[in-house]
2 protein chains.
Amino acid sequence: MIAIILGLLAVVYGIFTSRQVLGAGAGNEKMQEIAGAIQEGAKAYLNRQYTTIGIVGVVVAVLVGVFLGWLSAIGFVIGAVLSGVAGYIGMNISVKANVRTAAAAQSGLQQGLTLAFRAGAITGMLVAGLALLAIAVFFWVLINPLAHEPNSREVIDALVALAFGASLISIFARLGGGIFTKAADVGADLVGKVEAGIPEDDPRNPAVIADNVGDNVGDCAGMAADLFETYVVTVGATMVLTALLLSGLGELLLPMMALPLLIGGACIVTSIIGTYAVKLSKGKTNVMGAMYKGFGLTAVLSVPLIWFVMQLALGDMSAEIGGSNLGAVDAGAPLAEEGTSSIAPFTGWDLFYSSVIGLVLTGVIIWITEYYTGTGFRPVRSIAKASETGHGTNVIQGLAISLESTALPTLAIVAGIIGAYQFAGLMGIAYAATSMLALAGMVVALDAYGPVTDNAGGIAEMAGLDDSVREKTDMLDAVGNTTKAVTKGYAIGSAGLAALVLFAAYTADLAEFFPDVDVDFSLENPYVIVGLLLGALLPYLFGAMGMTAVGRAAGDVVKDVRAQFKEKPGIMDYSEKPDYARTVDLVTKAAIKEMIVPSLLPVLAPIVLYFVITAIAGQQNGFAALGALLLGVIVGGLFVALSMTAGGGAWDNAKKYIEDGNHGGKGSEAHKAAVTGDTVGDPYKDTAGPAVNPMIKITNIVALLLLAALAGGAA
Amino acid sequence: MIAIILGLLAVVYGIFTSRQVLGAGAGNEKMQEIAGAIQEGAKAYLNRQYTTIGIVGVVVAVLVGVFLGWLSAIGFVIGAVLSGVAGYIGMNISVKANVRTAAAAQSGLQQGLTLAFRAGAITGMLVAGLALLAIAVFFWVLINPLAHEPNSREVIDALVALAFGASLISIFARLGGGIFTKAADVGADLVGKVEAGIPEDDPRNPAVIADNVGDNVGDCAGMAADLFETYVVTVGATMVLTALLLSGLGELLLPMMALPLLIGGACIVTSIIGTYAVKLSKGKTNVMGAMYKGFGLTAVLSVPLIWFVMQLALGDMSAEIGGSNLGAVDAGAPLAEEGTSSIAPFTGWDLFYSSVIGLVLTGVIIWITEYYTGTGFRPVRSIAKASETGHGTNVIQGLAISLESTALPTLAIVAGIIGAYQFAGLMGIAYAATSMLALAGMVVALDAYGPVTDNAGGIAEMAGLDDSVREKTDMLDAVGNTTKAVTKGYAIGSAGLAALVLFAAYTADLAEFFPDVDVDFSLENPYVIVGLLLGALLPYLFGAMGMTAVGRAAGDVVKDVRAQFKEKPGIMDYSEKPDYARTVDLVTKAAIKEMIVPSLLPVLAPIVLYFVITAIAGQQNGFAALGALLLGVIVGGLFVALSMTAGGGAWDNAKKYIEDGNHGGKGSEAHKAAVTGDTVGDPYKDTAGPAVNPMIKITNIVALLLLAALAGGAA
């Protein structure tokens with residue numbers, strides 16, 4: 001109940017701040033006209049995207065209903081609809097805040113920052129708030145009006161189905177939005193900058209509105225759906241794991257299952273407080289520093305508040321939970337030493353320390369990402385320097401950095417896993433993941449700020465505002481590149497922890513559904529290796545599809561723009577207006593067509609693998625290979641996603657660093673090479689890389705649903 | 001004994017064919033002068049490289065001697081020295097055959113092909129022959145004059161040490177040679193083609209000799225050491241696994257341990273026969289087709305010959321081997337179902353079918369690699385087409401292809417693992433890997449042909465031969481790009497199988513050395529996940545270091561060439577000669593300096609991981625994490641290596657495809673973009689990608705040696 005109230009608080013904050021943002025001045029008529037075109041394009045895209053997803057969603061909902069019952073179908077629908085709503089509202093705020101940020105930047109950097117960040121914060125709070133509400137209300141309805149036991153199959157399956165709904169929408173939104181935004185961006189750059197020789201964001205380029213629409217549907221709506229999904233899956237998985245592993249808890253079961261929700265609620269409060277700390281220091285222009293102040297305050301305040309809600313839920317923080325006082329816990333759970341119960345006893349304090357590890361890990365990942373993508377450090381500067389010797393060396397150095405950038409986050413994640421496991425075993429890892437995700441409100445706020453400033457710069461350029469305005473929006477936007485990379489690193493890092501929790505849920509489910517099937521998950525079983533290899537292949541294949549899709553759609557954009565220049569020769573001397581809507585429409589159709597097949601890959605792969613291996617080598621090896629697939633996809637996907645997102649961000653900021661006047665500045669040979677690197681990094685960081693995160697989760701959730709469906713069929 | 005004779009046969013073939021090659025005309029004086037410079041540079045590099053490796057080698061040999069005894073130290077030295085010899089001789093033939101191929105190409109395509117391919121075949125037969133001799137003679141000495149039991153610890157440890165010696169040299173040679181060749185290549189291109197506007201292989205470019213030297217020390221000497229290592233490790237691991245798992249065989253033990261050697265010997269015979277089938281069909285110019293004829297004949301002839309040697313060794317092909325008639329086999333071995341013995345009984349026929357799977361898998365991988373890197377298929381053409389819209393889209397499409405190219409080989413490897421396992425369990429996988437490697441003689445022949453033709457083209461250009469000669473060498477060279485990619489795909493594919501064998505050896509060793517430590521290799525153990533993640537990280541970090549090293553060394557080349565142009569302004573009008581040796585010397589120093597740290601990564605990582613995890617979570621988890629690291633490095637490395645080698649080959653041939661007159665041909669914008677892609681692909685395919693293969697093996701072997709050392713310390 002407290003969690004529901006806190007979730008509502010986030011929504012109220014969202015509504016309240018929306019009024020503030022929408023109340024700000026929207027600039028002159030020309031600016032409003034441009035912003036109107038962006039709004040229209042973004043809405044047209046999202047409407048068509050959600051219609052397409054809706055059709056897939058109805059089919060899947062019916063399938064879920066048939067195989068797993070109507071409660072699960074409802075869960076699926078709730079997850080799917082709210083994920084869509086989060087993206088939709090976020091996009092709506094974003095397309096209205098962009099022009100207002102451009103207008104506010106006329107008054108000063110602080111004004112622009114405040115407006116753009118508030119817009120981001122609305123999306124952030126709505127994502128976290130709606131996600132929390134979705135789980136909390138659904139859980140409450142299941143156990144109170146419907147009077148199911150908290151650890152009954154109905155509740156567990158319904159929570160998993162809820163997560164599935166969120167994930168399925170999220171992968172479509174991430175991928176469709178990602179293809180849209182980068183096809184438009186790459187296409188516009190190729191035909192505008194390279195062929196026609198007109199600057200970025202020039203109103204004569206017919207693809208320029210599509211490019212700005214892309215920022216909103218990809219970086220804002222897609223990202224919001226992604227983080228909504230990550231939140232729901234992580235918190236939901238922690239609750240499911242509690243129900244599965246700690247079923248002998250008695251009276252403590254309900255508070256233990258509600259505790260992740262309470263942590264989420266507590267961090268919403270601290271995130272809201274944190275948003276008010278995002279202010280430039282007097283007379284300074286360190287935008288990233290302002291962001292850090294907000295994040296730091298949120299993280300620090302979260303520590304005592306998490307302690308407080310734990311105390312509230314558990315009563316005695318030093319009492320032992322789990323361990324030998326529990327009955328049916330050892331089945332399927334990891335065995336530290338054979339014969340002893342896996343769920344070694346842990347205390348409230350252990351859970352608390354594990355949660356703190358999650359908070360620290362979030363901070364560490366943010367810091368590492370800034371190192372790899374910020375203009376002040378070695379990696380970005382080395383790419384900028386390599387641009388001096390040409391396109392080839394720029395790309396080589398960028399690829400080297402993108403490979404290298406996986407090392408520190410992996411070490412941090414490994415340290416987090418070991419630390420949390422030492423405190424409270426698997427539950428410790430689950431709590432570290434939960435507290436990481438609890439900060440999602442603040443992290444999304446940092447990210448959603450990006451497309452607003454990016455658009456603001458575009459509007460300033462197109463509306464012919466004073467150069468000083470564009471300078472300010474550029475300063476805001478450079479930070480946006482880093483915060484966008486940060487969010488992706490954070491999402492994939494949390495996925496690393498969440499995947500372990502989901503795998504534990506898979507093994508626990510397996511033990512419950514198929515107690516007679518003795519599954520050997522040992523690395524000595526070749527079918528485990530087969531599963532690991534095929535799992536690791538998925539992100540590669542998925543990345544290849546995403547990159548190819550962007551290339552193909554960008555090619556369509558180039559052709560359309562060329563055709564427009566030919567049909568309307570007056571465009572170049574401003575005597576004719578390009579048909580922006582036509583390009584938007586074209587990219588829309590292309591993106592939606594291209595998103596279908598790759599999105600189905602992680603849905604179908606686990607099902608196909610299970611049936612093929614079962615046919616060849618029996619059900620116990622089918623389950624083993626399927627389980628290994630789940631871990632293979634995270635082992636492979638973590639590196640693909642980290643390298644793509646950090647590498648892409650580094651390429652982008654290397655270009656910005658050169659544009660700031662280093663290595664020859666704008667127009668130099670080094671700059672041209674850096675533009676190539678940026679183009680390469682675009683689909684890396686905004687299409688293929690970030691979509692790996694929902695892909696990992698989908699694979700895991702489909703496996704859980706497959707188990708439930710098989711058990712239902714067997715029963 | 002038979003194996004020793006057949007090994008000697010390969011060496012005799014090598015010597016005999018060398019005479020043929022060296023007896024061919026060496027061209028005019030100018031050609032000989034250029035070839036002399038290349039020979040001198042290559043020798044200077046290899047001498048310095050082997051000196052450096054020698055110092056490291058002596059230190060390691062002493063360490064091996066102290067921890068594992070003098071027999072192992074001798075094994076290490078034999079492996080190391082013969083690996084070096086294989087590389088050295090291969091390089092020597094290559095630098096002499098290049099000029100002769102250029103001379104022969106003056107007479108016709110067939111003449112050029114014959115000479116270049118014979119040169120490749122010498123290296124191929126020497127690699128396979130020396131590798132076979134190294135194991136066979138050492139094994140024979142151990143069990144006959146020294147009278148050790150075939151499955152005694154002394155023999156097993158000594159064989160592992162032999163493999164370690166080969167691997168350690170191989171990683172240095174692969175990486176050092178790879179850095180040398182690509183630093184010279186990229187550096188020469190950047191400063192020559194881009195800055196000075198002179199064509200490739202122009203004698204005015206001071207880096208041009210270094211570039212040609214690089215082909216020999218990287219693609220020939222480095223590759224030879226790599227395949228020598230792969231051969232020794234795979235065959236050795238199969239023998240070790242036989243000794244560990246089938247210790248209860250009695251009289252059959254010795255023939256079973258010698259059988260992998262016999263298979264190797266049999267395939268040397270078929271490889272020699274196959275080399276004579278490499279001929280152009282009358283009036284045709286399909287060079288790849290000629291190669292296929294030779295390979296196909298070898299593979300087809302190998303089937304009955306393998307059957308014959310199996311019959312010879314085992315007597316009754318239908319008699320059961322392994323299974324319940326064996327005593328101490330279940331410890332540490334994979335359990336298909338708990339409680340039953342892992343080594344299910346298998347027959348000689350099962351081993352035969354598994355071997356055939358290895359042969360088929362080799363063919364399939366070659367076919368897939370040709371699809372992804374040949375100019376006649378979609379992948380290369382899609383990159384060429386994407387070049388029309390600029391540098392950025394070329395690189396994007398190349399990266400997409402490189403990601404995609406991992407899918408089919410992985411599926412083929414997975415199918416091979418499942419098939420071989422179904423026939424004869426782990427021993428089936430070991431035999432599939434052995435028969436794959438048995439074809440190494442032929443595969444190396446195809447590969448070593450590449451640098452010869454590449455050099456021949458360079459010499460033709462520099463010596464100002466008729467354009468028709470260059471045309472012929474270009475036709476030969478385009479196939480060389482594909483065969484080089486094929487060898488790398490083959491090496492890494494076989495590494496996928498060999499890694500499973502090595503992991504099985506690890507678990508079997510563990511069970512023997514530490515019977516009281518109960519190691520949980522289940523995916524449910526978080527330390528297994530930690531090991532998998534860190535293992536998968538190694539190829540990324542290693543790749544990053546390799547790419548950065550190439551960038552840095554290429555930068556040095558650029559500076560040196562610029563300095564030479566400045567000091568000797570007469571170079572451009574041919575009135576002064578550039579100082580080729582100075583550039584060679586500079587690249588030599590840079591490559592040797594840069595190879596050290598990345599090469600030590602896979603040696604130290606397993607040791608550090610074991611001690612850190614043991615300190616945190618006890619020895620059983622230290623062993624579990626270490627085992628998982630071994631599989632993590634193959635799961636991560638397989639994809640990194642496959643994507644880099646196939647992607648790089650595709651980029652290279654996309655450039656060649658455009659140079660053949662497509663998409664605007666030489667000098668067009670598309671060509672410029674394709675040159676960028678080729679530059680990016682260079683360190684991908686020739687430095688970072690191929691070095692992953694020895695890296696995987698080193699990590700595994702170090703783990704085996706660590707176990708032996710720990711056991712020795714404990715005893």
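In the predicted model, the side chains of D686(A) and K685(A) meet in a salt bridge, with an N to O distance of 3.3 Å. Both partners are withdrawn from the surface: D686(A) counts as buried because its relative accessibility is 2%, and K685(A) is likewise buried, with a relative accessible area of 4%. The pair belongs to a wider arrangement, in which salt bridges that share partners join K182(A), D185(A), K488(A), D652(A), D682(A), K685(A) and D686(A) into one network.

Over all chains, the structure holds 52 salt bridges. One of them is formed by the side chains of E33(A) and K577(A), at 3.1 Å from N to O. E33(A) lies in helix α2 (residues 29-68) of chain A, whereas K577(A) lies in the loop between α15 (526-567) and α16 (580-617) of chain A; the pair therefore ties together parts that are 544 residues apart in sequence. With a relative accessible area of 48%, E33(A) is partly exposed, while K577(A), with 54%, is exposed; the boundary for the exposed class is set at over 50%.

A further salt bridge connects R153(A) with D509(A), whose closest N and O atoms are 3.0 Å apart. This pair, too, links distant parts of the chain, with R153(A) in helix α5 (residues 153-196) of chain A and D509(A) in helix α14 (residues 467-513) of chain A, 356 residues apart. D509(A) counts as buried, since its relative accessibility is 3%.

Aromatic contacts were examined next. The count comes to 39 aromatic pairs over all chains. In one of these, the ring centres of F352(A) and Y353(A) lie 5.8 Å apart and the planes stand at 55 degrees, so the pair is tilted. F352(A) counts as buried at 9% relative accessibility, whereas Y353(A), at 37%, counts as partly exposed. Y353(A) also pairs with F423(A): the centres of these rings are 5.2 Å apart and their planes are at 40 degrees, so this pair is tilted as well. It links distant parts of the chain, Y353(A) being in helix α9 (residues 348-373) of chain A and F423(A) in helix α12 (residues 407-438) of chain A, 70 residues apart. F423(A) is partly exposed, with a relative accessible area of 34%. Elsewhere, ring pairs link F513(A), F514(A), Y610(A), F611(A) and F623(A) into a cluster.

Helix α13 (residues 440-462) of chain A contains A456(A), which counts as buried because its relative accessibility is 0%. Apart from its neighbours within four places in sequence, A456(A) is in contact with N98(A), T101(A), A102(A) and T473(A). The C-alpha atoms of A456(A) and D477(A) are 9.0 Å apart in space, and the two residues are separated by 21 residues in sequence.

A search of the whole structure finds zero disulfides over all chains. Among the residues of chain B, C220(B) is buried at 0% relative accessibility, and C267(B) is also buried at 0%.

With regard to the arrangement of the chains, a turn of 180 degrees and a shift of 0.0 Å along the axis lay chain A on chain B with an RMSD of 0.0 Å. This is the relation of a two-fold axis. Of the residues of chain A, S522(A) comes closest to the rotation axis, its C-alpha atom being at 2.0 Å. Of the interface residues of chain A, 99% are also interface residues in chain B, so the copies meet through the same surface.

Terms used:
Residues are numbered from 1 along each chain as its sequence is written. Chains are lettered from A and ligands numbered from 1 in the order in which they are written. This is a predicted model: local features need pLDDT of at least 70, side-chain atom pairs count only at pLDDT 80 or more; totals for chains, interfaces and linings use all residues. Side-chain values use heavy atoms; hydrogens and water are left out. Copies are superposed by least squares on the C-alpha atoms of residues with pLDDT of at least 70 in both. Contact means heavy atoms within 4.5 Å. Helices (H or I, at least four residues) and strands (E, at least two) are DSSP runs, numbered from the N terminus. Buried means under 20% relative accessible area, exposed over 50%, partly exposed in between (1.4 Å probe, protein chains only). A disulfide is a pair of cysteine sulfur atoms within 2.5 Å. Rings of Phe, Tyr and Trp (its six-membered ring) pair if their centres lie within 6.5 Å; planes under 30 degrees apart count as stacked, over 60 as edge-to-face and the rest as tilted. A salt bridge is a side-chain nitrogen of Lys or Arg within 4 Å of a carboxyl oxygen of Asp or Glu.
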